[in-house]
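Reader: I am new to this structure. Please explain the terms used for it and how each one is justified.

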Amino acid sequence: MKDRHLFLFGGGPPFGEELGRKFAAIASARKGKTAILFIERDGWREYMPLYTEVIERTGLTEFMYLALTPQPSRTAIEQLLGCNGIVICGGDTERYRSHIVGTVLGSVIQDMYGKGVPVAGFSAGALISPADCVIPAIDNASNTNLFLQGLGLLRNAVISVHYTQWNEEENLKAAVLRTGASIGYGLDDGTGVHFMNEEPVQSEGEGLYRFARQDLQS
C-alpha cells in the first residue's frame, strides 16, 4: 500500500520552503503534471504563481489549472487522473466544498490520494479535506458555524484555519466535542502541516495548535 500524503495550510499561498520541497519530492516520483484546482475569478492567472513558485523551484515544472465547476468535464477528470500532485486553492469554502465533496471530482481526488499522489489544501482547501468539514461563521453566508461532510482525506480530526486571525480557539474545541474527533488542529496563516497516513509528521511555521478530545472532556 502506498503512503498517503496530505499537506494542509492555515492561510493562502505560498508553500513553506520545507513543506514545498517535500511535496515536490513526492510528486516528482510520479509522471504527470501537478493539478491546481481553483474557483475562477478575475486575475486568477496572475495569482497562480503564488501557489507554484516554491514547488517549481524545488523540482516541479509542469502544471495544469482546473477551474472548478458544478459539472466537471470529462477532460478535467482525465487530466486529474494523470496528475502527480493535487493542490486545492483557497477562497470561498462553501463553493469549493460544493464543487468537490460528494462529486465525481472528489472521488477521483480520494482515489489518487489513496494511491500516493500528494494533496495540498490552502485555507478553504484545508477546511474541506477532513471527513468533517467545519466552516466557521466568519467564513460563510449564513453567519453560523456549519458542520458538513468533508472530503475524508483526514479522518478522526478537525481543522481550523486562520486560527489566531479568526479567533478560532473556542470554535475548534467545540468542533472536536461535537464531531467526536480525537483531535483538532488550529493552523495560523503561514503555518502548514504534512500528514502521512493521517498522522502529522512535519510542520512549518509558528502557529500550530492541538486540542485532544480526551483533554477537553476531562
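**Rings, sheets and helices**

Author: Phe7, Phe9, Phe15, Phe23, Tyr47, Tyr51 and Phe122 are linked into a cluster by ring pairs. The model is a predicted one, in which local features need pLDDT of at least 70 and side-chain atom pairs count only at pLDDT 80 or more, while totals for chains, interfaces and linings use all residues. Residues are numbered from 1 along each chain as its sequence is written, and side-chain values use heavy atoms, leaving out hydrogens and water.

Reader: How many aromatic pairs does the structure hold, and why is the pair of Phe15 and Phe122 called edge-to-face?

Author: There are eleven aromatic pairs in the structure. For Phe15 and Phe122, the centres are 5.1 Å apart and the planes make 85 degrees. Rings of Phe, Tyr and Trp (its six-membered ring) pair if their centres lie within 6.5 Å, and planes over 60 degrees apart count as edge-to-face (under 30 stacked, the rest tilted), so both conditions are met.

Reader: Where in the chain do Phe15 and Phe122 lie?

Author: Phe15 is in the loop between β1 (5-9) and α1 (17-28), and Phe122 is in strand β5 (residues 119-122), so that this pair links distant parts of the chain, 107 residues apart. Helices (H or I, at least four residues) and strands (E, at least two) are DSSP runs, numbered from the N terminus.

Reader: Are Phe15 and Phe122 buried or exposed?

Author: Phe15 has 2% relative accessibility and Phe122 has 0%. Buried means under 20% relative accessible area, exposed over 50% and partly exposed in between (1.4 Å probe, protein chains only), so both residues count as buried.

Reader: What makes Tyr47 and Tyr51 an edge-to-face pair?

Author: Their centres are 5.7 Å apart and their planes make 80 degrees, so the pair meets both cut-offs. Both residues lie in helix α2 (residues 44-57), four residues apart, about one turn of the helix. Tyr47 is partly exposed at 31%, whereas Tyr51 is buried at 2%.

Reader: How do you know that the charged end of Arg41 sits over the ring of Tyr47?

Author: The charged end of Arg41 is 5.7 Å from the ring centre of Tyr47. A charge sits over a ring if NZ of Lys or CZ of Arg is within 6 Å of the ring centre and within 35 degrees of the ring normal, so that distance falls inside the limit. Arg178 is placed over the ring of Phe147 in this way too, at 4.0 Å from its centre.

Reader: Why are β3 and β11 called edge strands?

Author: They belong to an open sheet of seven strands, ordered β3-β2-β4-β5-β1-β10-β11, with mixed pairing. Within this sheet, β3 (63-67) and β11 (199-204) each pair on one side only. Strands pair if DSSP finds at least two bridges between them; five bridges join β10 (residues 192-196) to antiparallel β11, so this pairing qualifies.

Reader: What makes α3 roughly parallel to α5?

Author: The axes of helix α3 (residues 74-81) and helix α5 (residues 104-114) come within 10 Å and cross at roughly 10 degrees. Axes are lines fitted to C-alpha atoms, for helices over the stretch in contact, with angles from 0 to 180 degrees between N-to-C directions. Angles under 35 degrees count as roughly parallel (over 145 roughly antiparallel, 65 to 115 roughly perpendicular, the rest oblique), and therefore α3 is roughly parallel to α5. Ile77, Leu80 and Leu81 of α3 meet Val104, Leu105, Val108, Ile109 and Met112 of α5, contact meaning heavy atoms within 4.5 Å.
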